[in-house]
Amino acid sequence: MREKIVAGNWKMNMDFPDGLDLAKNIISGLRAKPADHTVIVAPPFIHLSSLHQLLRFSDPKVLLAAQNCHQEDAGAYTGEVSAEMLQTTGVEYVIIGHSERRQYFGEDNTIVQAKVKAALKAGLKVIFCCGEPLEVREKQQQDEYVYAQLKTSIFTLHADELKNIVIAYEPIWAIGTEKTASPEQAQEMHAFIRNSLTHQFGEDHSSNISILYGGSVKPGNAKELFAQPDVDGGLVGGASLKAADFVAIVHSL
Ligand code: PGA
């Protein structure tokens, strides 16, 4: 059985006190009505250590993800944070390959691949993001585009590393735009991703990988998206910044 997951990507939002409040409110929302799947929050780096102290004895459990890591172990990379540093801070997951990192920080498939390897080596689990821009979708070339992203970063792994990979399909035209993919569009791409993984690694492995949908997930559309057979949860941006909305999305799974 594959894991069902809802993860909140806070992006560059929430100052420190607001971040603590948000985490506390998520915990109390989930305490009032527990969910039986994995809940993850990905705050900015500077919150991670304190949130780890807050969350490590939390009941129900909320796990921590970082939004990025550097591909090198250590060294003269001013302003960067390594996967190893994250791991020793109590972080369990790291988001890699988010379209905003690819678009604004020049992270191409080669860098993304190096980051995936560094994260796995440090013992982190990876939430690997893929997804096509609007012009690619308009030309109906989304399958080829996403396949190329998977090929360079995920297909180079050993099959036994896949247990530490979660895939998030996030069509760029749906991120922060209110234009959610329809449940059918999401299912179509998730099935394509799973079939590609089956082809590469075999069904025993592909059937166990969680594939999350991301892109304007809201309390009002989460249930329909999560009802699709190959949608195993969501990676939520904007709506993860309000505890009540995030908790409602968690309960839609
Ligand atoms: P959104 O962001 O939910 O605000 O569209 C999703 C994401 O970028 O992970």
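In this predicted model, the second largest pocket is lined by 19 residues. K11, G176, S216, G237 and G238 lie nearest its centre. By class, that lining divides into 5 nonpolar, 9 polar and 5 charged residues. The volume of the second largest pocket is about 200 Å³.

K11 also turns up at the largest pocket. There, K11, M12, Q67, R101 and F105 are the residues nearest the centre. The lining of the largest pocket numbers 13 residues. Helix 4 supplies the largest share of them, 3 residues. The volume of the largest pocket is about 420 Å³.

The model also holds 1 cavity of 30 Å³ or more. Its lining consists of G97, H98, S99, R102, C129, C130, G131, Q149, E170 and I172. Helix 4 and strand 5 are the elements that give two or more residues to this lining. The table sets out the three spaces.

| Space | Volume | Nonpolar lining residues | Polar lining residues | Charged lining residues |
|---|---|---|---|---|
| Largest pocket | about 420 Å³ | 6 residues | 4 residues | 3 residues |
| Second largest pocket | about 200 Å³ | 5 residues | 9 residues | 5 residues |
| Largest cavity | about 40 Å³ | 3 residues | 5 residues | 2 residues |

Next, the backbone. Most residues other than glycine have a negative phi, and most peptide bonds are trans. Three sites are worth a look against that background.

K11 has a positive phi of about 55°, although K11 is not a glycine. K11 sits in the loop between strand 1 (5–9) and helix 1 (16–32). M14 also has a positive phi, near 80°, and is likewise a residue other than glycine. The place of M14 is in the loop between strand 1 and helix 1. M14 has a relative accessibility of 25%, so it counts as partly exposed.

The third site is a peptide bond. D59 and P60 are joined in cis, with omega about 0°. P60 belongs to the loop between helix 2 (45–55) and strand 3 (63–66).

Helix 7 comes next. Helix 7 spans residues 142–153, 12 residues in total. From its first C-alpha to its last, helix 7 reaches 17 Å. That is close to the 16 Å expected at 1.5 Å a residue. Which residues of helix 7 are buried? They are Q142, V146, Q149, L150 and S153. These residues cover an arc of only 95° around the axis, which means they are on the same side of helix 7.

Several elements cover the buried residues of helix 7. Among the helices are helix 4 (99–104), helix 5 (109–121), helix 6 (134–138) and helix 8 (183–201). Strand 5 (125–130) and strand 6 (165–169) also take part in the cover. One of the buried residues, Q149, is in the lining of the largest cavity as well.

Last, H37. H37 is found in the loop between helix 1 and strand 2 (38–42). Is H37 buried or exposed? H37 has a relative accessible area of 13%, and because the cut-off for buried is under 20%, H37 counts as buried. Which residues does H37 contact, leaving aside neighbours within four places in sequence? H37 is in contact with K4, V6, V250 and L253. The C-alpha atoms of H37 and K151 are separated by 29 Å. Along the chain, H37 and K151 are 114 residues apart. K151 falls within the range of helix 7, residues 142–153.

Technical notes
Residues numbered from 1 in each chain as written. Predicted model: local features only at pLDDT ≥ 70, side-chain atom pairs only at ≥ 80, totals over all residues. Heavy atoms only, no water. Helix = DSSP H or I, 4+ residues; strand = E, 2+ residues; numbered from the N terminus. Expected span 1.5 Å × (residues − 1). Buried < 20%, exposed > 50% of the residue type's maximum accessible area, 1.4 Å probe, protein only. Arc of directions from axis to C-beta. Contact = heavy atoms within 4.5 Å. 1 Å grid on protein atoms, 1.4 Å probe; cavity = no way out; pocket = protein on both sides within 12 Å on 5 of 7 lines; lining within 4 Å. Points joined across faces, edges and corners; volume = space filled by probe spheres on them. Nonpolar A, V, L, I, M, F, W, Y, C, P; charged D, E, K, R; others polar.
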